[in-house]
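The following note sets out several points for consideration on the model shown below.

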Amino acid sequence: MLEENEPEWLSEEVKTGTTILAIEFADGVVLGSDSRVSAGASVVNRVMNKLSPLHDKIYCALSGSAADAQTIAEVVNYQLDVHSMEIGEDPQVRSAANLVRNISYKYKEELSAHLIVAGWDRREGGQVFATLNGLLTRQPFAIGGSGSSYVYGFVDAEYRRGMSKEECQKFVVNTLSLAMNRDGSSGGVAYLVTIDEHNTEEKVILGNDLPTFYDQ
Amino acid sequence: MERRCLDAQFKGVSTGVSKNNYVSSKTINKVIQVHDRIFCCMAGSLADAQAVLKAAKFHLSFHSVQMESQPQVIAAASVLKDLCYKNKDELQAGFITAGWDRKKGPQIYVVSLGGMLISQQVTIGGSGSTYIYGYVDAKYRPDMSREECLQFATNALALAMGRDNVSGGVAHLVVITESGAEHIVVPGNKLPKFNDE
């Protein structure tokens, strides 16, 4: 009798274990994420970019179930395109966050994903919105994903108002690095997106270029 | 019942004790002295931890009489580890043991839930500890002075108490050196505040 047991990870749900964060500064926002996608104990993608564009100057960071998060991002991308054509100009970050929140709230029983929406618009400059479980709240910075538990203390201690763009980028990279070291579901490389009035810059920081701490 | 504890040749604990969602005490001291220069932090079920510590204190003082000298820190940790390992099915208690002895100076040992014993330079435990792994990894340096260490421990406790809903109340810190042990208590309102408050 030919009996083949398929590997466990084929039947496990694919989750973006994850550490994601977004922080606003005077003229824009910085978003950061790790790159590990796990199915149970297997890493099925070690270089996934979890920072997904919703519009030219609005990005979202994905966490939770990979399928749910990606689908929400794609649907909102489409809805924002239609919306921006209707109003004839670039959409506000708040509009994008609302669209994400509406889906998260309406389908909260079926979906299990948390998206952080951040971007720049002409009216309010850089903004970060958290949409966990269907709420909508604007925050100076937001962290999410399984790795975020380990860095609540660090971000509480290190965040200061009025940081410059470079300080924000350093803050994001340090936070990601700390979380990736402690959380088994986060790891790989760090992706950074910096959005301001003039441009949207995507950057990758490879594992060995990440900051190290006393025990490494 | 959950609480948190941090150790770096210092011991610091917060004092909240809760059962389900009721906080049964805001002022329990979870740093227990088991010998002149050896202290233990309790974690997990406090009833189990207290019972284990009581037995350990007895074993340790007997051991110290037999050896005719101050017990080593590792002796205290081993006693706890034996109790936790042999009764692992019934107990739910973990400990951080820290102290000073003449042979190896200041040391810290962690006894985890199942009875594993390891030595570390800095360690955190309890429910609130998850929130400060990042902070401790980032801010700990092996060459800090006493004041820097004290500030580091206080900050870490304050951050964890700010995020963990079952940690809180008062912060207890104990500084153990060759010359003795000093107990410092920091009430909640005197703890350092961070941006979110």
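Does Tyr133(B) count as buried, partly exposed or exposed? The points below begin there and refer to a predicted model.

1. Tyr133(B) has a relative accessibility of 21% and therefore counts as partly exposed, since buried would require a value under 20%. Tyr150(A) is likewise assigned to the partly exposed class, at 21% relative accessibility.

2. Over all chains there are 10 aromatic pairs. One of them joins Tyr150(A) and Tyr133(B) in an edge-to-face arrangement, with 5.7 Å centre to centre and 65° between the planes. This pair crosses between chains: Tyr150(A) belongs to the loop between E11 and H3 of chain A, and Tyr133(B) to helix H3 of chain B.

3. A pair within chain A is formed by Phe154(A) and Phe171(A), which is classed as stacked because the ring centres are 6.4 Å apart and the planes meet at 15°. Phe154(A) is part of helix H3 of chain A and Phe171(A) of helix H4 of chain A, so the pair ties together parts 17 residues apart in sequence. Both residues are buried. They also belong to one aromatic cluster together with Phe141(A) and Tyr159(A).

4. Asn174(A) is located in helix H4 of chain A. Its relative accessibility is 19%, so Asn174(A) counts as buried, the limit being under 20%. Leaving aside residues up to four places away in sequence, Asn174(A) touches Phe154(A), Pro211(A) and Phe213(A).

5. The largest nonpolar core has 47 residues, of which Ile23(A) and Ile132(B) touch the most other members. Elements of both chains give two or more residues to this core, including strand E2 (20-25) and helix H4 (165-182) of chain A and helix H3 (133-139) of chain B. The largest share, 10 residues, comes from H4(B). Another core, of 23 residues, lies apart from this one and has Ala76(B), Leu83(B), Ala93(B) and Phe95(B) among its members.

6. With residues up to four places away in sequence not counted, the contacts of Ile23(A) include Phe141(A), Tyr159(A) and Phe171(A), and these three aromatic residues are members of the cluster that also holds Phe154(A). Among the other contacts of Ile23(A) are Val128(A), Met163(A) and Cys168(A).

7. Helix H4 of chain B covers residues 146-163, 18 residues in total, and reaches 26 Å from its first C-alpha to its last, close to the 26 Å expected. Buried residues in H4(B) include Cys149(B), Leu150(B), Phe152(B) and Met161(B), and the polar-side-chain residues Thr154(B) and Asn155(B) are listed as buried there too.

Note on methods:
Residues numbered from 1 in each chain as written. Chains lettered and ligands numbered in written order. Predicted model: local features only at pLDDT ≥ 70, side-chain atom pairs only at ≥ 80, totals over all residues. Heavy atoms only, no water. Helix = DSSP H or I, 4+ residues; strand = E, 2+ residues; numbered from the N terminus. Expected span 1.5 Å × (residues − 1). Buried < 20%, exposed > 50% of the residue type's maximum accessible area, 1.4 Å probe, protein only. Core = buried A, V, L, I, M, F, W, Y, C linked by side-chain atoms within 4.5 Å. Contact = heavy atoms within 4.5 Å. Phe/Tyr/Trp six-rings, centres within 6.5 Å; stacked < 30°, edge-to-face > 60°.
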